[in-house]
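Biologist: I would like to learn how to read a protein model step by step, beginning with a single residue and moving on to helices, rings and pockets. Could we go through it slowly together?

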Amino acid sequence: MTQETFTFQAEVGKLLDIVAHSLYSHKEIFLRELISNASDACDKLRYAALTDEKLAEASGGDFAIALKLDSKKKTLTVSDNGIGMSRDELNDLLGTIARSGTQAFAEQISKNNADKDKKDKDTSALIGQFGVGFYSSFMVADKVEVLTRKAGDEKAWLWESDGRGSYTIADAERETSGTDIIVHIKKADKEYLEPMRITNIVKTYSDHVGVPVTLAKEEGELETLNTASALWGRDKKDITPEQYTEFYHHVAHAFDEPWLTLHNRVEGVMSYTNLLYVPTAQPFNLFNPERKNHVKLYVNRVFITDDCEELLPSYLRFVQGVIDSEDLSLNISREMMQHDPKLAKIRTGLVKRILGELKKKAEKSADEYANFWGNFGAVLKEGLYEDFESREKLLEICRFRSTESDELISLAQYVERMKDGQEAIYFITGEDQAQVARSPQLEGFKSKGIEVLLLTDPIDDFWIQSVGSFMDKTFKSATRAGSDLDSMGEDKKDEDAKDDAKTDDAGVDALVARLKVALGETVKDVRASSRLTSSAVCLVSDEGDMDMHMERILKQHKQMSGDTAPTPRILEINPKHGLILKLSESAKASTEANPAIDDAAHLLLDQARILEGEAPADPLEFARRVSQMMERGLSL
Ligand code: ADP
Ligand code: MG
């Protein structure tokens with residue numbers, strides 16, 4: 001027998017160390033993980049056998065997962081007659097971290113370990129959150145052996161490890177294709193050698209598994225432990241909430257409670273069953289660049305793929321679960337899926353159902369919906385520009401923060417509260433809610449009680465460009481010129497808003513002219529504004545120019561070269577502000593060149609930039625001007 005020794009990839013080593021030493025309170029989940037892998041292996045062979053007759057023979061047709069306990073050898077064996085693994089696959093799948101979920105787990109763990117307070121407390125919660133699949137068997141094992149033979153291959157292999165840094169692979173024999181996972185149970189965990197305990201674990205965690213899970217009794221007979229029928233095919237009234245949850249944990253590799261469960265049978269042009277879930281917690285891979293959906297496709301109970309892009313749009317990728325349709329061909333290939341009108345029909349039906357159910361939830365319980373929105377709102381909003389047909393429905397279930405409300409509001413609520421003379425739905429975009437809410441551009445809106453939506457998801461800048469309007473009201477940025485505040489609403493009595501303060505029209509005109517000369521091309525225009533109540537200046541974009549925040553995002557994401565000259569903005573000044581009044585006076589008094597006014601012009605512009613979260617145009621010049629101003633002003 002030839003045996004080779006390998007070291008685990010460093011990450012696996014670390015992970016195993018954590019698994020072995022964490023005081024995880026639900027160690028029993030290791031069995032769920034092994035059964036889940038065995039059931040996946042059967043699904044895979046069943047699917048492969050559809051197109052390869054040789055494999056059909058190899059499988060023998062009757063898939064089963066057999067559990068065996070040996071009290072002398074102190075082993076628990078999980079056997080399946082599924083797809084099996086080749087030697088290379090053993091190395092790839094059990095020697096490295098193949099799953100991004102497990103990877104994410106390992107990363108989170110090392111982050112937590114850096115943070116002492118979090119260390120022990122969170123580790124077990126994390127195992128729960130991510131699941132560590134096969135490796136979880138080392139929670140209860142001194143040693144794990146994997147005897148496996150790939151369907152279609154003659155050779156079998158024995159993988160073996162004590163979970164401490166290395167594993168071996170050796171030649172072996174196995175009569176049929178499939179896999180035995182032989183778990184050598186630790187002394188302290190001998191409960192997992194008791195038939196009653198094993199029976200209970202299987203009934204609790206693996207009842208839904210579509211393949212029979214049997215336990216060999218002393219007398220040699222087999223007892224089937226699970227119901228072994230696909231859960232989604234059963235009658236709703238025969239399914240308990242616990243069973244729904246358990247199945248969710250299985251399909252989604254998740255460990256939270258489902259926030260929403262949709263189980264339906266649809267009969268019509270296309271007949272199918274859907275059992276779909278919306279999670280309570282945000283899955284770790286939600287913002288992965290692939291934006292893949294996570295719904296598994298079955299045809300007549302036969303697993304086809306968990307990688308069918310056509311089944312659901314990306315903006316519903318938080319939805320988990322299965323679709324089973326008898327109207328699709330079993331031999332459906334990836335290329336065919338892309339153009340299959342039947343799949344397109346299913347997709348349309350699913351989108352409609354999911355959005356409809358979300359709307360019901362939103363109307364029934366604002367609190368619960370707020371939780372959902374916090375997790376998945378940013379993803380759902382992608383649909384606003386990707387799925388034109390569902391746009392209205394999506395807009396109805398979108399929720400927003402605003403200047404006039406502590407609660408999330410809907411667009412319908414916004415429209416209902418619009419002030420006399422208000423035509424548009426005003427919004428402002430930015431990174432940080434608190435910061436955006438204090439933008440100088442909003443001062444005038446606030447003093448008139450005109451509500452402004454605070455959009456702080458990166459996606460907001462994109463959909464808002466393409467959506468245009470809601471209920472015939474156009475969306476309009478509060479940072480744009482031409483927001484005609486004068487004709488809207490009534491001023492609130494506000495101490496800060498120095499409304500009665502005098503203005504000096506001639507002086508302001510003179511100042512505007514001077515500022516234009518001093519700033520030249522760097523601004524598009526300079527003008528007095530009614531937008532400001534307490535700040536001296538702010539920047540706004542001209543009608544038709546790119547939004548300022550949008551421009552920053554594009555530069556950050558390298559969609560626009562960082563060297564591209566910024567689009568010139570309009571500098572608005574507050575004619576009631578003390579500083580502006582003073583500058584106006586001196587601008588009016590003399591038309592001669594005055595370096596102090598030139599410096600003030602640049603400082604005002606830089607100040608407005610800083611308020612936008614941008615850097616001064618030229619930090620050195622900025623510092624020089626500030627110092628000079630201070631020197632002039634200080635009379636110590
Ligand atoms: P996951 O199941 O989420 O992929 P696991 O750690 O549970 O992660 O398993 C890693 C991989 O090992 C599986 O994806 C599968 O390819 C392979 N594997 C594990 N158990 C079996 C088995 N019984 N038969 C065939 N392949 C298996
Ligand atoms: Mg697994």
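**Reading the model**

Modeller: L260 counts as buried, because its relative accessibility is 12%, and the cut-off for buried is under 20%. Please keep in mind as we go that this is a predicted model.

Biologist: Where does L260 lie, and which residues is L260 in contact with, leaving aside its neighbours within four places in sequence?

Modeller: L260 lies in strand β10, which covers residues 258-266. Once the neighbours within four places are set aside, L260 is in contact with L276, Y277, V278, E357, L358 and K361. For one of these partners, L276, which is 16 residues away along the chain, the C-alpha atoms of the two residues are separated by 8.2 Å.

Biologist: How much of the chain as a whole is buried, and how many helices and strands are there?

Modeller: Of the 636 residues of the chain, 51% count as buried, and the chain has 22 helices and 23 strands. If we take the contacts between residues at least 6 apart in sequence, 71% of them join residues at least 24 apart.

Biologist: Let us turn to one helix, then. Which residues of α7 are buried, and where on the helix do they fall?

Modeller: In helix α7, residues 195-205, the buried residues are I198, T199, I201, V202 and Y205. Looking down the axis of α7, we find these buried residues within an arc of 165°, so they line one face of the helix. Among the elements that cover them are α2 (29-49), β2 (65-70), β3 (75-80), β8 (213-216) and α8 (241-252).

Biologist: How should I read a pair of aromatic rings, and how many aromatic pairs does the structure hold?

Modeller: A pair of aromatic rings is described by two values, the distance of the centres and the angle of the planes. The structure holds 20 aromatic pairs. In one of them, the rings of F318 and F372 have centres 5.6 Å apart and planes at 70°, so this pair is edge-to-face. F318 lies in the loop between β13 (302-305) and β14 (320-325), whereas F372 lies in helix α11 (residues 366-380), so the pair ties together parts that are 54 residues apart in sequence.

Biologist: Are F318 and F372 buried or exposed, and which other residue forms an aromatic pair with F372?

Modeller: F318 is buried, with a relative accessible area of 0%, and F372 counts as buried at 1% relative accessibility. F372 also forms an aromatic pair with Y369, and this pair is tilted, with 5.2 Å from centre to centre and 40° between the planes. Both Y369 and F372 lie in helix α11, 3 residues apart, which is about one turn of the helix. Y369 is buried too, with a relative accessible area of 2%. Elsewhere, F6, F8, F134, Y135, F138, W159 and Y167 form one aromatic cluster.

Biologist: Finally, how is empty space found, and what is the volume of the second largest pocket?

Modeller: Rolling a probe the size of a water molecule over the atoms shows where empty space is left. The second largest pocket has a volume of about 390 Å³. Its lining has 21 residues, of which E551, K555, P566, R609 and E614 lie nearest the centre.

Biologist: Which helix gives the most to that lining, and how do the residues of the lining divide?

Modeller: α19 gives the most, with 4 residues, and both α19 (548-556) and α21 (595-611) supply at least two residues each. The lining divides into 9 nonpolar, 4 polar and 8 charged residues.

Key: Residues are numbered from 1 along each chain as its sequence is written. Chains are lettered from A and ligands numbered from 1 in the order in which they are written. This is a predicted model: local features need pLDDT of at least 70, side-chain atom pairs count only at pLDDT 80 or more; totals for chains, interfaces and linings use all residues. Side-chain values use heavy atoms; hydrogens and water are left out. On a 1 Å grid over the protein atoms alone, a cavity is a set of points where a 1.4 Å probe fits but cannot get out, and a pocket is an open set with protein on both sides within 12 Å along at least five of seven lines; lining residues have an atom within 4 Å of a point. Grid points are joined across faces, edges and corners, and a volume is the space filled by probe spheres set on the points. Ala, Val, Leu, Ile, Met, Phe, Trp, Tyr, Cys and Pro count as nonpolar, Asp, Glu, Lys and Arg as charged, and the others, Gly among them, as polar. Buried means under 20% relative accessible area, exposed over 50%, partly exposed in between (1.4 Å probe, protein chains only). The arc is that of the directions from the helix axis to the C-beta atoms. Contact means heavy atoms within 4.5 Å. Rings of Phe, Tyr and Trp (its six-membered ring) pair if their centres lie within 6.5 Å; planes under 30 degrees apart count as stacked, over 60 as edge-to-face and the rest as tilted.
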